[in-house]
Amino acid sequence: MARVSLAVKPWPLPMSNCTLRFGIARVPCSRYNRKCSFSLISQGAILSTFFAFLWLFATIYFGWLIISLIWSSGRRKRVLMKAGLVFVAGFAFVMISSEFGNKEAQQAGFLSASDQSAAKSVGITDPAIWASMREAAEAETKAKVEAEQQAKAAERKMAEEKAAAERKEADAKAAAEKAEQAKLAAQKEADCRKDLKCWGEEGWAGATTRCPAVIEKLAKWDFEWTDAWSEPKFSHYRWKDIDKGIVTYIGDKLKLQNGFGAWKHVTYTCDYDQDTQTVLDVSAF
């Protein structure tokens, strides 16, 4: 390939050597200012411009094909095929143009074409300066995100600690209330045990359920209950042992048959322990 060297003196920079290769000038920037004082047309810029015109042409042609479908009823299949090919080609042009733009930006020292565009939008053409600014911005963003995460973690921890403290307080309050209720119940039961009416009524249902079956076993022959379905079998009660809480229940709704077949009304008793809910002793006379 032909290579021609020429000397260019940009204003106000000192003289720099430029190399003309395939009609493309490559001029090194000043050591104090990397932005050269004259415009250069790089290969990537030429290709980007070329593909941009191709995309514009493809877009116009694609639009024309779509419009022509209205009048080309007999050739719609062919027109649609052309439109599809134009669309695929246009998409390929865009992708290739983007790739060349990224390659050119990377050769210039930027990450991508969008990165170079962002730098130019704030008036920076030096990739080193832009890299330091980008790194500083990323570090600042990272620090901000970490600070927000730490703040959220601290807030979440405080909320969890508060919830745990509230649960602990609620559990302690519930335990205290339960203990108080148990204490009151124990006191109520202790007071009831000393009162014959209270303790007798407390064990009435249990005695009525368990005593009759044991009393019936006292009959040597037959027996018959004389109480109606609405009448209780026990009419009154008395203390058997106040310290142990044993009550004697007494009734007279029973007839027993003797060996001669005669019936006799009897009075029966049942010693009942409410604590263990057991029948201790029965009698009839």
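Which two cysteines form a disulfide with their sulfur atoms 1.8 Å apart? Before looking for them, bear in mind that the model on the screen is predicted. Select Cys 211 and Cys 270: these are the two residues whose sulfur atoms form that disulfide, at a separation of 1.8 Å. Looking along the S-S bond of Cys 211 and Cys 270, you will find a torsion of about -65°, so this disulfide is left-handed. Cys 211 belongs to helix 5, residues 196–216, while Cys 270 sits in strand 7, residues 263–273, so the pair ties together parts of the chain that are 59 residues apart in sequence. Both Cys 211 and Cys 270 are buried.

**The other disulfide**

A search of the whole structure finds 2 disulfides, and the next stop is the one that joins Cys 192 to Cys 198, with an S to S distance of 2.0 Å. The link of Cys 192 and Cys 198 is left-handed, with -105° about the S-S bond. Are these two cysteines buried or partly exposed? Cys 192 counts as buried because its relative accessibility is 8%, under the 20% cut-off, whereas Cys 198, at 30% relative accessibility, counts as partly exposed. If you number the bonded cysteines of the chain in sequence order, the pairing reads 1-2, 3-4.

**Along helix 5**

Now select residues 196–216, which make up helix 5, and display the backbone so that its course can be followed. Where does helix 5 bend? The bend is at Ala 207, and it amounts to about 45°. Helix 5 has 21 residues, yet its end C-alpha atoms are only 26 Å apart, which is short of the 30 Å that a straight helix would reach at 1.5 Å a residue.

Turn on the side chains next, and colour the buried residues of helix 5, which are Trp 199, Gly 200, Gly 203, Trp 204, Gly 206, Ala 207, Cys 211, Pro 212 and Ile 215. What do these buried residues pack against? Their partners are helix 4 (127–193), strand 4 (223–225), strand 5 (236–241), strand 6, strand 7 and strand 8.

Pause at Pro 212, which lies in helix 5 and is buried, with a relative accessible area of 10%. Leaving aside residues up to four places away in sequence, Pro 212 touches Ala 207, Trp 225 and Lys 233. To see how the chain returns to this region, add Val 282, which is 70 residues from Pro 212 along the chain, with 9.3 Å between the two C-alpha atoms.

**The largest nonpolar core**

Move from Pro 212 to Ile 215, which, when residues up to four places away in sequence are not counted, touches Trp 225, Phe 234, Leu 254, Tyr 268, Thr 269, Cys 270 and Val 282. The largest nonpolar core has 19 residues, and those that touch the most other members are Cys 211, Ile 215, Phe 234, Tyr 249, Leu 254, Tyr 268 and Cys 270. The elements that give two or more residues to this core are helix 5, strand 6 (246–257) and strand 7, and helix 5 gives the most, with 5 residues. Apart from this core lies another, of 5 residues, among them Ala 105, Phe 110, Ala 119 and Ile 124. As a general background to such groupings, nonpolar side chains tend to be buried together in soluble globular proteins.

**Strands 6, 7 and 8**

Finally, show strand 6 and strand 7 together: they run antiparallel and are joined by 10 bridges. One place to check the register is Ile 250, whose bridge partner in strand 7 is Thr 269. The two strands form a hairpin with 5 residues between them, and in its turn Gly 261 has a positive phi of about 90°.

Then add strand 8, residues 278–284, which pairs with strand 7 in the antiparallel sense over 6 bridges. Here the bridge partner of Tyr 272 in strand 8 is Val 279. Strand 7 and strand 8 also form a hairpin, with 4 residues between them. Which residue in the turn of this hairpin has a positive phi? Select Gln 277, which is in the loop between strand 7 and strand 8 and has a phi near 55°, a positive value in a residue other than glycine. Gln 277 is partly exposed, with a relative accessible area of 41%.

Technical notes. Residues are numbered from 1 along each chain as its sequence is written. This is a predicted model: local features need pLDDT of at least 70, side-chain atom pairs count only at pLDDT 80 or more; totals for chains, interfaces and linings use all residues. Side-chain values use heavy atoms; hydrogens and water are left out. A disulfide is a pair of cysteine sulfur atoms within 2.5 Å. Buried means under 20% relative accessible area, exposed over 50%, partly exposed in between (1.4 Å probe, protein chains only). Contact means heavy atoms within 4.5 Å. A nonpolar core is a set of buried Ala, Val, Leu, Ile, Met, Phe, Trp, Tyr and Cys residues joined through side-chain atoms within 4.5 Å. Two strands pair if DSSP finds at least two bridges between them. The expected span of a helix is 1.5 Å times one less than its number of residues. The bend at a residue is the angle between axes fitted to the seven residues ending there and the seven starting there.
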